[in-house]
Amino acid sequence: MTAQEAYTELKKRIREISILSTTAGVLYWDQEAYMPRKADDHRAEQLAQISRLTHEWFIDTKTGDLLATVEGSDLVKNPESEASVNCREWRRLYDREVKLPTNFVEEFTRVTSKAINVWAEARQKSDFAIFQPDLEKIIDLCRKKADLIGYETEVYDALLDAFEPGAKTAEVESAFKGLRTELVALIAKIKDAPKKPDIGILRRPYDIAKQKVFAQIIAVAIGYDFEAGRIDETVHPCCNDLGPFDTRVLTRYYANDISEGITGTTHEVGHALYEMSRQTKEHWGTPMGDTPSLAIHESQSRTWENIVGRSREFWQYFYPQLQRIFYQDLHNVALDDFYGAMNWVAPSYIRVEADEATYNLHVMLRFEIERSIITGELKVTDIPGEWNSRFKDYLGIEVDKDSNGCLQDVHWAHGAFGYFPTYALGNLYAAQFWQQAQKDLPGIADDFAQGKFDRLLAWLRDNIHTQGFKYYSNDLCQRITGQPLSHKPLLDYLYDKYAGIYGITR
Ligand code: CO
C-alpha cells in the first residue's frame with residue numbers, strides 16, 4: 001500500500017467515525033431540546049453504545065498502521081499540508097484514546113448521561129446532596145481518565161488538554177492571576193462610578209413570542225443560515241454541530257428580562273457561524289475542518305455576543321426595530337439608556353448571565369475549585385462551602401442557595417472537568433482578535449450601525465474559521481495578531497466601553 005492509498009483509506013475511516021459521532025450529536029440535541037423525561041435510561045444506553053463503537057473503531061490497530069505508513073512518507077513533509085495537519089492530530093488523539101479501555105469509555109458516557117438529569121433535579125430543588133453521589137462517581141472517573149492518559153506535572157493538565165490542546169494548568173493560572181487583579185479594580189471603580197445605567201429597562205415583562213422573532217432577525221442579519229440550521233429552546237443554551245449544513249442552536253428566553261434571549265441567542269449563533277463556515281465538503285470530519293480548541297470556538301461566540309452585540313453601533317441599527325416591536329415598553333426609552341442597560345455591570349450569581357466585567361471571575365472560581373477537587377485537596381461534600389466563600393471574596397456577595405451557586409452549570413454532570421478555563425481564554429482571544437480586526441478593517445464598527453456584518457464575518461472566516469486546526473490556539477493568535485495571548489486587549493476594550501457608560505477612567 002502506498003502512502004497516498006493509506007492516507008485516502010485513513011481519511012475515509014475517520015470520516016465514517018465522524019458520521020457516527022454526529023449521529024450521537026442528534027441524540028444529544030434531542031435530549032436537550034425535546035426528549036421526554038422518562039426516556040433517560042434508554043438514551044443513556046444509546047449514547048454509551050455509540051461512544052463505544054466510535055472509540056473501538058478509532059483505536060483499532062488498523063488506524064495506527066495506516067497512520068504509521070503515512071507518517072514515514074513525503075506526504076507529511078510540509079507541516080502545513082492537509083495530510084500533515086490531519087496526521088499530526090490523528091496521531092495525538094490516537095495516542096491519547098488508545099490508553100482508554102473501551103469499557104471505561106462506555107462507562108464514562110453511561111454515568112455522565114444519567115447524571116445530567118440527576119443534576120437537573122438537584123438544581124431545581126436547590127439541593128446539592130441529590131447530585132453528590134453522582135458527582136463523586138464522575139470525579140473518580142475523571143481522575144482515572146487523567147491517570148490513564150498520563151501527564152507530566154499536574155493531573156489537571158490531562159483533562160485540560162482535551163478541551164484546550166497544548167495548554168498547561170500553570171500557564172492558565174498565571175494568565176488568570178494578572179487578569180483577576182485588574183478586573184477586581186475595574187469592578188470597584190464601576191461600583192463607585194459617577195453615573196449608572198438603569199437595568200430596570202430590560203427587566204420588565206416582554207412577550208416571549210416577540211422576543212423570538214427579534215432574536216431571529218438578529219441571527220439572519222449577522223449571517224445565520226436557516227437552511228443549514230435551526231434555533232430551538234432549552235434550559236442550558238448550546239450549539240450542536242450535526243454535520244455539514246446542519247448546525248443547531250438551542251437558546252432560552254425570559255418573560256421578565258429581554259437581554260438574556262438576545263445575548264444568549266447571539267452567543268450561540270456566533271458558535272454556529274464558525275461551524276457553518278469551517279465545514280467545507282473537502283475538510284468536514286477531519287482536523288483541517290476542525291477547531292484548534294474550545295477557547296478559539298468561544299472567542300467567536302463572545303465576539304458576536306459582546307463585541308458586536310453589545311456595541312453602541314449595533315444598537316444604533318437594531319434599537320429602532322426593537323422599539324417598533326415593543327412600542328409600549330420602549331418608545332420613550334432613549335438609545336443610550338438602552339445601550340447602557342445592555343452593558344450594566346454588577347456582581348450576580350449566574351455565570352451565563354454575568355456582564356463582561358464580572359464574567360471572568362466566575363470562571364476563575366470554577367477553575368480553582370475544579371483543580372483542587374481533582375488533586376483531592378477539596379472533598380466533594382465541601383464544594384458548596386468552598387464555592388460560597390470564594391464567591392464572597394471575588395464578587396462580594398453571599399450565595400443564597402446552591403442553584404445560584406455550585407449547581408448552576410451542567411458541565412460537571414457531563415464529566416467536563418477542564419472545560420471552564422476555556423471560557424475566560426475565549427474572552428481574551430476575542431478581544432485580541434478584535435483589536436487586530438480594527439487595524440485590518442478601518443471603520444469596521446461603523447458597518448454595524450448600518451446593519452452590515454459581512455466584512456467582519458469574512459475577516460473571521462479568512463483568519464480563523466477556514467484555518468481549521470492548522471495551528472494550535474497560541475500559534476494562531478501569534479499569526480493573526482503578531483503577539484502571544486495577553487489580557488491587555490480585553491482590558492483596553494472594557495475601559496474604552498465603560499468610560500463612556502460609567503464615566504470612569506483608568
Ligand atoms: Co459558548
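Reader: How far apart are the C-alpha centres of domain 1 and domain 2?

Author: In this predicted model, the two C-alpha centres lie 26 Å apart. The domain assignment places domain 1 at residues 3-150 and domain 2 at residues 169-502.

Reader: How many residues does each domain bring to the contact?

Author: Domain 1 brings 38 residues and domain 2 brings 44 residues. A residue is counted here when heavy atoms lie within 4.5 Å.

Reader: What makes a set of residues a nonpolar core, and which residues have the most contacts inside the largest one?

Author: The members must be buried residues of the nonpolar kinds, joined through side-chain atoms within 4.5 Å. The largest such set has 127 residues, and Trp315, Phe338 and Phe417 have the most contacts inside it. Helix α17 supplies the largest share, ten residues.

Reader: Where does this core lie with respect to domain 1 and domain 2?

Author: Both domains give residues to this core, and therefore the core is placed between them. A second core, separate from it, has 14 residues, including Phe58, Leu66, Cys87 and Tyr94.

Reader: Which residues are in contact with Phe417, leaving aside its neighbours within four places in sequence?

Author: Phe417 is in contact with Leu135, Ile138, Ile139, Cys142, Leu159, Phe163, Glu370, Ile373, Ile374 and Trp412.

Reader: Which residues coordinate the cobalt ion, and what makes an atom a donor?

Author: A donor is an N, O or S atom within 2.8 Å of a metal such as this one. His267 and His271, each through NE2, and Glu298, through OE, coordinate the cobalt ion at 2.1 to 2.2 Å, so these atoms meet the cut-off of 2.8 Å. Water is not among the atoms, so the site may look incomplete. Along the sequence, the donor residues follow the spacing H-x3-H-x26-E.

Reader: Why are His267 and His271 separated by about one helical turn?

Author: Both histidines belong to helix α10, residues 258-278, and they are four residues apart there, which gives the separation of about one turn. His267 and His271 are also both buried.

Reader: Why is Asp409 called buried or exposed?

Author: The relative accessibility of Asp409 is 9%. Buried requires a value under 20%, so Asp409 counts as buried. Asp409 is placed in the loop between α16 (383-395) and α17 (421-440).

Reader: How do you know that a polar contact joins the side chains of Asp409 and Arg351?

Author: The contact between these two side chains is 2.8 Å, and the cut-off for such a pair of N or O atoms is 3.5 Å. Beyond four places in sequence, Asp409 touches Trp119, His236, Arg351, Arg366 and Phe420.

Reader: How do Glu154 and Ser126 stand against the terms buried and partly exposed?

Author: Glu154 has a relative accessible area of 14% and is buried, whereas Ser126, at 21%, is partly exposed. The cut-off of 20% falls between these values, so the two residues receive separate terms. Glu154 is in the loop between α6 and α7 (155-163) and touches Thr169 and Arg371, with residues up to four places away not counted. Ser126 is in the loop between α5 (102-125) and α6 (128-149), and has a positive phi of about 50° although it is not a glycine.

Reader: What makes β3 largely enclosed?

Author: Five of the five residues of β3 are buried, so the rest of the structure largely encloses this strand. Thr247, Val249 and Thr251 form one covered side, and Arg248 and Leu250 form the other. Strand β2 (residues 238-241), by contrast, has Cys238 and Asn240 on a covered face and Cys239 and Asp241 on an uncovered one.

Reader: How do you know that β3 pairs with β2 and with β1?

Author: Pairing requires at least two bridges. Strands β2 and β3 (residues 247-251) run antiparallel and are joined by four bridges, while β1 (residues 229-233) and β3 are parallel, with five bridges; both counts therefore satisfy the requirement. Cys239 is opposite Val249, Asp241 is opposite Thr247, and Glu233 has Thr251 as its bridge partner.

Reader: Why is Phe245 called buried or exposed?

Author: Exposed requires a value over 50%, and Phe245, at 62% relative accessibility, therefore counts as exposed. Phe245 lies in the loop between β2 and β3, and its phi is positive, about 60°, although it is not a glycine. The hairpin of these strands has five residues between them, and Gly243 there takes a positive phi near 130°.

Definitions and conventions
Residues are numbered from 1 along each chain as its sequence is written. This is a predicted model: local features need pLDDT of at least 70, side-chain atom pairs count only at pLDDT 80 or more; totals for chains, interfaces and linings use all residues. Side-chain values use heavy atoms; hydrogens and water are left out. Donors are N, O and S atoms within 2.8 Å of the metal (3.2 Å for Na, K and Ca); water is not among the atoms, so sites may look incomplete. Helices (H or I, at least four residues) and strands (E, at least two) are DSSP runs, numbered from the N terminus. Buried means under 20% relative accessible area, exposed over 50%, partly exposed in between (1.4 Å probe, protein chains only). A polar contact is a pair of N or O atoms within 3.5 Å; within protein, one must be able to donate a hydrogen and the other to accept it, and residues adjacent in sequence count only if both atoms are side-chain atoms. Domain bounds come from an automatic or database domain assignment.
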